[in-house]
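Grab a pencil and have a look at the model below. We'll work through a few short exercises on it together.

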Amino acid sequence: MTEDTPKFVTILVAAGRGLRAGGDLPKQWQPLAGRRVADWTLAAFAGAGPVVVVLHADDMGMDLPADVHRVPGGATRSLSVKAGITRAWALGADYVLIHDIARPCVTPEVIAGVRGALLAGATGAAPGLTVTDALWTSEGDRIAGTRDRTGLHRAQTPQGFEIGPIAAAHDGFEGEAADDVEVALSAGLEVVVTPGADENIKITHPQDFSRAAAILTGRKGTAMDVRLGNGYDVHAFCEGDGVTLCGVTVPHDRGLLGHSDADVGMHAVTDAIYGALAAGDIGRHFPPSDPQWKGADSRIFLKHAVKLAAERGYAVSNIDCTLVCEKPKVGPHAAAMQARLAEITGLGADRISVKATTSERLGFTGREEGIAAMATACLVAR
Ligand SMILES: Nc1ccn([C@@H]2O[C@H](COP(=O)(O)OP(=O)(O)OP(=O)(O)O)[C@@H](O)[C@H]2O)c(=O)n1
Ligand SMILES: C[C@](O)(CO)[C@H](O)COP(=O)(O)O
């Protein structure tokens with residue numbers, strides 16, 4: 001950038017609580033196609049100049065790239081924008097691009113349209129989409145009338161401005177505004193409309209996450225985020241009258257030795273999921289040295305792995321488990337095992353395979369000293 005190149009600063013407003021979107025975390029920190037919503041939005045503005053992220057006081061310590069400027073926000077969107085503009089001034093901005101962090105699918109073309117209009121001399125520029133549906137008014141569930149849609153637009157972000165005029169407009173503005181165009185117009189600024197994009201949706205309600213994920217994963221050049229993991233486990237036979245395999249008790253003239261219920265199949269499946277997440281193995285999450293896991297039902301481990309996957313933005317797509325033993329015979333119980341794993345993971349039984357093989361009397365399984373199990377799990381970004 002030369003001395004004469006105008007400086008753009010992006011302000012990502014992220015201080016809202018995302019109440020309408022639901023979930024345990026504000027929407028901007030929730031997983032979306034393998035990353036957080038905020039990470040997609042940050043990536044969309046990478047390389048476009050300094051970035052100011054306006055954060056809620058509770059979120060100031062959130063994990064963000066080191067070069068991002070963090071600013072505490074306010075009780076309304078306008079107050080948060082104001083805080084962002086103050087920091088952008090300090091950074092020497094000529095123009096600001098003010099964007100909802102909750103719009104992670106913004107396209108390079110939308111951003112370029114706003115920048116281009118400003119560089120061509122506009123004081124303000126913002127993306128909009130013309131309204132293509134007919135408009136009605138209603139009283140209760142009765143349609144009361146129609147409205148002319150000529151000249152109506154659906155407003156999007158980023159909304160871009162010369163910093164001086166928009167700073168003054170915000171300083172003189174009182175009350176709440178839906179967006180910065182409203183603040184600009186109230187100060188008499190001219191704002192031009194630039195092309196918006198259907199995919200530039202704002203995540204507002206719970207169903208918007210899957211819409212956004214479909215947009216992001218469907219983009220040309222965006223690799224589908226699929227992860228594979230494998231798990232392997234062995235338990236030795238001991239005195240007993242039955243074994244637990246994939247959650248099903250199978251009568252046998254021996255038992256299986258283990259700290260928990262020694263469910264070798266479920267352990268392999270659980271480790272396959274941890275493996276796909278690069279999150280270690282059962283021993284890391286449930287140390288065998290901890291007495292509370294003595295005799296534990298292994299469903300606890302599998303449930304934990306599936307929950308961890310969900311927290312990181314992945315859904316388990318399918319599981320394949322192979323048990324290796326001469327006896328007991330697994331075939332008659334395989335369907336019950338599939339059903340049990342399906343119930344624990346929340347998957348359809350047709351996405352779970354349980355099969356068995358002997359090792360042709362070779363090795364420790366062939367000598368009937370124990371049972372081995374191996375499993376593969378496939379995870380896909382939600
Ligand atoms: N006090 C506020 C309120 C909103 N925002 C930001 O403004 C954008 C658009 O607002 P909206 O979609 O309404 O987000 P929330 O206020 O978080 O959502 P909700 O109204 O459902 O709680 C979001 O990126 C949000 O984080 C902000 O920075 N400061
Ligand atoms: C800024 C905005 O995204 C433009 O469409 C919109 O006004 C935010 O509205 P909300 O009421 O805060 O969801």
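What follows is a set of exercises on the two ligands and their pocket, each with a worked solution, and keep in mind that the model is predicted.

**Exercise 1.** Find out which residues come nearest to ligand 1, and how the residues of its shell divide by class.

*Solution.* Start with the neighbours: 18 residues surround ligand 1, and Val13, Gly18, Leu19, Ser80 and Lys202 come nearest. Next, sort the shell by class, which gives 7 nonpolar, 5 polar and 6 charged residues.

**Exercise 2.** Work out which backbone atoms lie close enough to an oxygen atom of ligand 1 to count as polar contacts, using a cut-off of 3.5 Å between N or O atoms.

*Solution.* Go along the chain one residue at a time. A polar backbone atom of Ala15 is 2.9 Å from an oxygen atom of the ligand, so this pair passes the 3.5 Å test. For Gly16, the distance from a polar backbone atom to a ligand 1 oxygen is 3.0 Å. With Arg17, a backbone N or O atom lies 3.1 Å from an oxygen of ligand 1. Now look at the cover: on its own, ligand 1 has 570 Å² of accessible area, and the protein covers 86% of it. Finally, ask which elements give two or more residues to this shell: they are strand S1 (8-14) and helix H2 (77-90).

**Exercise 3.** Do the same for ligand 2: list its neighbours, then look for polar contacts.

*Solution.* Around ligand 2 you'll find Arg20, Arg77, Asp100, Arg103, Ala155, Thr157, Ala178, Asp179 and Lys202. By class, that shell holds 2 nonpolar, 1 polar and 6 charged residues. Then take the distances. A side-chain N or O atom of Asp100 is 2.5 Å from an oxygen atom of ligand 2. For Arg103, a polar side-chain atom lies 2.8 Å from a ligand oxygen. Ala155 uses a polar backbone atom instead, at 2.7 Å from an oxygen of ligand 2. As for cover, ligand 2 exposes 360 Å² when taken alone, and the protein buries 70% of that.

**Exercise 4.** Where do the two ligands sit, and what lines that place?

*Solution.* Ligand 1 sits in the largest pocket, and ligand 2 sits in the largest pocket too. Its volume is about 650 Å³. The lining of the largest pocket has 31 residues, with Gly16, Arg20, Arg77, Asp100 and Lys202 nearest the centre. Split by class, that lining has 11 nonpolar, 11 polar and 9 charged residues. The largest share of it, 3 residues, comes from H2.

Conventions: Residues are numbered from 1 along each chain as its sequence is written. Chains are lettered from A and ligands numbered from 1 in the order in which they are written. This is a predicted model: local features need pLDDT of at least 70, side-chain atom pairs count only at pLDDT 80 or more; totals for chains, interfaces and linings use all residues. Side-chain values use heavy atoms; hydrogens and water are left out. A residue is near a molecule or strand if one of its heavy atoms lies within 4 Å of it. A polar contact is a pair of N or O atoms within 3.5 Å; within protein, one must be able to donate a hydrogen and the other to accept it, and residues adjacent in sequence count only if both atoms are side-chain atoms. Accessible areas come from the Shrake-Rupley method with a 1.4 Å probe; for residues, only the protein chains shown count as cover. On a 1 Å grid over the protein atoms alone, a cavity is a set of points where a 1.4 Å probe fits but cannot get out, and a pocket is an open set with protein on both sides within 12 Å along at least five of seven lines; lining residues have an atom within 4 Å of a point. A molecule sits in a cavity or pocket if more than half of its atoms lie within 2 Å of its grid points. Helices (H or I, at least four residues) and strands (E, at least two) are DSSP runs, numbered from the N terminus. Ala, Val, Leu, Ile, Met, Phe, Trp, Tyr, Cys and Pro count as nonpolar, Asp, Glu, Lys and Arg as charged, and the others, Gly among them, as polar. Grid points are joined across faces, edges and corners, and a volume is the space filled by probe spheres set on the points.
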